[in-house]
Each structure stands twice: as structure tokens, then as C-alpha cells.
Amino acid sequence: MRDHETIPYTLEAIPDADAIARAQALRDRLKERRTCRYFSDEPVPREVIEAAIEAAGTAPNGANHQPWHFSVVSSPEKKRAIREAAEAEEKRFYGEDGDKAKASEEWLDALADLGTDADKPFLETAPYLIVVFAQRKGGIEEDGKTQNYYVNESVGIACGMLIATLHEAGCSTLTHTPSPMGFLRNICERPEWEKPLMVVVVGKPTEDATVPVHALKKKPLGQISSWL
Ligand code: IYR
């Protein structure tokens, strides 16, 4: 290694049997997660959102530049602005504006089993929208100039940790990706070197919430892994 400043690294030792049990318990907990599209207006404690973002902020990332920013939107005015802009984009995507859909036939077919359309009421009813930005530049100091690395990978991992923490706290989430989503930068007042990556809708499901059967078909271990 090239010379650099260090501190010792230690990790609590866990017996194999406990390690297996803990991994399986967390797997079982994560298996219960469902992407939710029906949110009530029941509030979520601010501390839950804060802890989840801090958890996301521990994600492995390029050169430890931590190239993410989380805009936490709860004001009714901002949520309405996001809903209006997102629905306008989605109407074009689904062809609900009278013109030909921007999405291909193949894409619309792939979404048929999810039942999604341009109507996004949850963007107003859910207590929190976490708008996730990927910082293309900035470094740790966020100077807007220093090159960042593996930005999409880093922020993607952080989003996974954010969603897992919110699930553990009993919140439902929806990763919403209006396309294009440049409007989010304006509404959240973020700089031009930040790219909106997704909106994580956070809240509690309505009493009559449903999930599509299609979403329950999970690929088994033997299909998603190969052991060499
Ligand atoms: N952004 C659209 C379309 C959409 C695309 C995929 I891929 C999904 O898994 C779900 C939806 C929307 O939010 O409706």
C-alpha cells in the first residue's frame, strides 16, 4: 500500500451459527418489503427519516466523496409542485396527453402487470418524499468542481440502505422515477452539477392498499447466483 494515515480496524467476531441465523433473519425481514403505491397521510417521525439518511450516508462509495444529497420534502406546496410536474411528464410517458406515448410498446407491456399510470396521488398524500440527488462533482467539501467517481453505483447502494432502514422502521416506500426528472432540481433548489436519481416516497400504506401479484415472483437463489 502507498503510505497513508490509518487507524486499526476490528470487527466483532460472530460464531458461524449466529452469523447464519442473523443473515437469514435479516433476509426474512427484507423479504417482507413491498413497493407500495397506496399511501395514507399518517405521519412518520422525523427521526426515522434522519436515521435512514444517516444509514444511507454510510454506504461504500467512490473515493469517499459521498456523492449524494437527500432533499426531504414534506411541505404541501412542494409536494404538490412535484406531483404536478411528475404527472405532466408521466402523461407524456404513458401517452395520456393525447399524443403517442414516449414509452415504447414493449415498455408499456412490461408495466401492464404493475398497473401503473400517470396518476400519482401518493406524491401529495405520503408524509415524506426523499428526492435523491447524485453529485457529479464536488468531493467531500462539495465545492462543485472536484471530480466524483462511481457516482451512480455509490448513490444506488446508498438508496438500498435508505430503503432497508425505512423498512426496518415499519415504513413503506416507493422508488419513483419520473422521466425526465430535471424539474426536481429546480423544485428542490439544487445546483446544476447534481442529477436527480429518484424520489423515495415514504409513509404508511392505506388500509385497502394492494400490491401487484407480479411483484411477488422473485427469482430463486439458483437463478440469481452462480458459484465458481
Ligand atoms: N416512471 C413511470 C414508469 C415506470 C417505469 C418502471 I421500469 C416501473 O417499474 C414503474 C413505473 C411511473 O412511475 O409510472
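Colleague: Which helices each supply at least two residues of the shell around the ligand?

Modeller: Bear in mind that this is a predicted model. The shell includes Glu-90, Phe-93 and Tyr-94, along with Trp-107 and Leu-111. Set those numbers against the helix ranges, and the suppliers of at least two residues each are α3 (76-94) and α4 (105-112).

Colleague: And which element gives the largest share of that shell?

Modeller: Farther along the chain, the ligand's surroundings also include Thr-116, Asp-117, Lys-120, His-176 and Thr-177. Even so, the largest share is 3 residues, and the element they come from is α3.

Colleague: How does the shell around the ligand split by class?

Modeller: Among the residues surrounding the ligand are Phe-93, Leu-114, Thr-116 and Asp-117, and nonpolar, polar and charged classes are all represented in the shell. The tally comes to 5 nonpolar, 3 polar and 3 charged residues.

Colleague: Which side chain has an N or O atom 2.5 Å from an oxygen atom of the ligand?

Modeller: A polar contact here needs N or O atoms within 3.5 Å. The side chain of His-176 makes that cut, with an N or O atom 3.2 Å from a ligand oxygen. Thr-177 gets there through a backbone N or O atom, 3.1 Å from a ligand nitrogen. The 2.5 Å pair belongs to the side chain of Lys-120.

Colleague: What percentage of the ligand's exposed area does the protein bury?

Modeller: Start with the contacts: one of them runs from the backbone of Thr-177 to a ligand nitrogen, at 3.1 Å. On its own the ligand exposes 380 Å². Of that area, the protein buries 71%.

Colleague: Switching to the largest pocket, how many charged residues are in its lining?

Modeller: That pocket holds about 510 Å³ of space. It is lined by 17 residues, and the closest to its centre are Lys-31, Arg-33, Arg-34, Ala-215 and Lys-218. By class, the lining has 7 nonpolar and 2 polar residues, and the charged ones number 8.

Colleague: How many residues apart in sequence are the parts that Arg-29 and Glu-168 tie together?

Modeller: The whole structure has 12 salt bridges. In one of them, Arg-29 pairs with Glu-168, with the closest N and O atoms 2.9 Å apart. Arg-29 sits in helix α1 (residues 16-31) and Glu-168 in helix α6 (residues 151-168), so the parts they tie together are separated in sequence by 139 residues.

Colleague: Any backbone oddities? Which residue is joined to Ser-179 by a cis peptide bond?

Modeller: Omega for that bond is about -5°. The residue in question lies in the loop between β3 (172-176) and α7 (183-187). That makes the partner of Ser-179 in the cis bond Pro-180.

Colleague: Where does Asn-64 lie?

Modeller: Asn-64 has a phi near 55°, a positive value in a residue other than glycine. The protein chain opens α-α-β, and Asn-64 falls in the loop between α2 (46-56) and β1 (68-73).

Notes:
Residues are numbered from 1 along each chain as its sequence is written. This is a predicted model: local features need pLDDT of at least 70, side-chain atom pairs count only at pLDDT 80 or more; totals for chains, interfaces and linings use all residues. Side-chain values use heavy atoms; hydrogens and water are left out. A residue is near a molecule or strand if one of its heavy atoms lies within 4 Å of it. A polar contact is a pair of N or O atoms within 3.5 Å; within protein, one must be able to donate a hydrogen and the other to accept it, and residues adjacent in sequence count only if both atoms are side-chain atoms. Accessible areas come from the Shrake-Rupley method with a 1.4 Å probe; for residues, only the protein chains shown count as cover. Helices (H or I, at least four residues) and strands (E, at least two) are DSSP runs, numbered from the N terminus. Ala, Val, Leu, Ile, Met, Phe, Trp, Tyr, Cys and Pro count as nonpolar, Asp, Glu, Lys and Arg as charged, and the others, Gly among them, as polar. On a 1 Å grid over the protein atoms alone, a cavity is a set of points where a 1.4 Å probe fits but cannot get out, and a pocket is an open set with protein on both sides within 12 Å along at least five of seven lines; lining residues have an atom within 4 Å of a point. Grid points are joined across faces, edges and corners, and a volume is the space filled by probe spheres set on the points. A salt bridge is a side-chain nitrogen of Lys or Arg within 4 Å of a carboxyl oxygen of Asp or Glu.
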